[in-house]
Amino acid sequence: LEHGIQPDGRMEADVAWTGTRCNKSICDALSMSSLNGSSEMIAEDVSAMSTFFKHSDQNRFVPRSILVDLEPSVIDEIKIGKYRDLFNPECLLTGKEDASNNFARGYYNKGRDVIDKLSDQVNRLAEESECLQGFLIFHSFGGGTGSGLTSLLLERLSQDFEKKCKLQFAIYPSPKMSSSCVEPYNSVFATHGTLDAINCGFIFDNEAVYRMCCKNVKTKSPTFININRIVAQVCSSITASLRFGGSLNCDLNDFQTNLVPYPRIHFPLATYAPVIRGYRKYHRYEAHEQLRSVSKITRSVFKPCYQMVKCDTTSGNYMACCMLYRGLVSPNEVIEAIREIKNENRIRFVDWCPTGFKVGICSQQPCTVPNGDLADSPRSVCMLSNTTAISDTWERIGAKFDHLFSRRAFVHHYLQEGMEEEEFKNAKQDIQLIIQDYDELKEPFVKESRELPVDGSSVATSVTSPSRSSEDSSRGQKEALTGPLRVINDIRNEMKQP
């Protein structure tokens, strides 16, 4: 939609310019540049589409993507559906049998049948790219294919493209909603298998986006179509700077450079604003115009109702915030909006990173599906924030894993596919280490809040980093941890016992 590409891969409008097809915005740019005597701007717009689309000899734009599923019926729907002429048939891969919601089945058995063919297609697309920046991997943690086959694929990508950036967009299990009883097992195994292979991971919670549809968009019974359209807005904002021009653009390497302070702390929290119901554009435009200002949408992304993952950000500390603006936004408005947020002192940053804000501005306005449930907006912002509050997600899934594994429930399904029981313990221990890393980043603020004098005078505090030993961490937290953190501390102590 944003590039004007139709379901058959062709553009909306034809322009006689070096034999390519261009959309309406490029047509307007062409007429302007003819007056100015320069076509450099048009060349940049046309080349921007080549980031995710390849211009074929049939004058069509083919996505540089591979769709794979071990279950044939899912890919078959695409082959006979509306977008059957958009994708390259060689990039639509299927297996003969699904993974049955079993990580071991997707990793050890059925996934091995398609991994070689999948790797060949990845290498072919990489060779066709003029300047390969990295990979975007979209999958779910709860299913057998999304967890098992993705872990297997990322192992291959780490071997073949070790230095290339790998960004992960994953659907993580919701706190209360679930489509499978074994989601905790698959999620823990997938996290363990992909943790060292990806550079930055953006996770989405269906329950959080579902509530956003109900509360913000006022959809009575949201479907996966409604949920996916909001997730698509976030993905589009993250990749907008790769496809369009702007005063402050970011590439893939900028995300991991500014959002990942330590290799294992690479799960930013995504928020997006504005999210308004479509009819309000026509009937209540004036009432919601204030929400569309740069200052208002900047304030909105710090509210829980705009989060893509359910967690309590007030209980954690921010390590970095990447603000990705689109549309009619000026740098001065952004600077003023961020200054207002800082002056209110509503958000807490870790004491070793006091600045914490990275800004990206793309001139292309956000695009919505015609006649859809989301209203058009002249501007939007997507905030990617690395906060210690995201550890709530790992704590929830770890607790569910313990409940199942303590009774050895469903374990035999995984053992029959080639797994060993020791792998369950190793994967859970890795999740516990992630929680420990985030807890150690929280600790400076916990100590500071306890040592702050009543008279308000300053107190020097020490900074703790995840690189120190777990024995020092347990000794320092023994008296300070309460509630759920004390439970985590007890689990650590049990893990140290022989």
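The legends below describe close-up views of two sheets in a predicted model.

**View A. The four-stranded open sheet.** This open sheet places its four strands in the order 10-13-11-12, and the pairing is mixed. Strand 10 (269-273) and strand 12 (357-362) form the edges, each pairing on one side only. From one strand to the next, the twist averages 15°.

**View B. The pairing of strand 10 with strand 13.** Five bridges join strand 10 to strand 13 (residues 379-387), and the two run in the antiparallel sense. Within this pairing, Met-383 of strand 13 stands opposite Thr-271. Strands of a sheet pair through backbone hydrogen bonds, in either a parallel or an antiparallel manner.

**View C. Helices packed on the four-stranded sheet.** Helix 10 (residues 252-259) packs on the sheet and touches strand 11 (318-327), strand 12 and strand 13. The direction of helix 10 makes about 150° with that of strand 11. Helix 13 (residues 331-344) also packs on the sheet, where it touches strand 11 and strand 12. For helix 13, the angle of about 150° is made with the direction of strand 12.

**View D. The three-stranded open sheet.** Here three strands follow the order 7-8-9 in an open sheet with parallel pairing. The edges are strand 7 (134-140) and strand 9 (200-205), each of which pairs on one side only. The twist from one strand to the next averages 15°.

**View E. The pairing of strand 7 with strand 8.** Strand 7 pairs with strand 8 (residues 165-172) in the parallel sense, over seven bridges. His-139 has Ala-170, in strand 8, as its bridge partner.

Methods. Residues numbered from 1 in each chain as written. Predicted model: local features only at pLDDT ≥ 70, side-chain atom pairs only at ≥ 80, totals over all residues. Heavy atoms only, no water. Pairing = 2+ DSSP bridges. Axes fitted to C-alpha atoms, helices over the stretch in contact; angles between N-to-C directions. Contact = heavy atoms within 4.5 Å.
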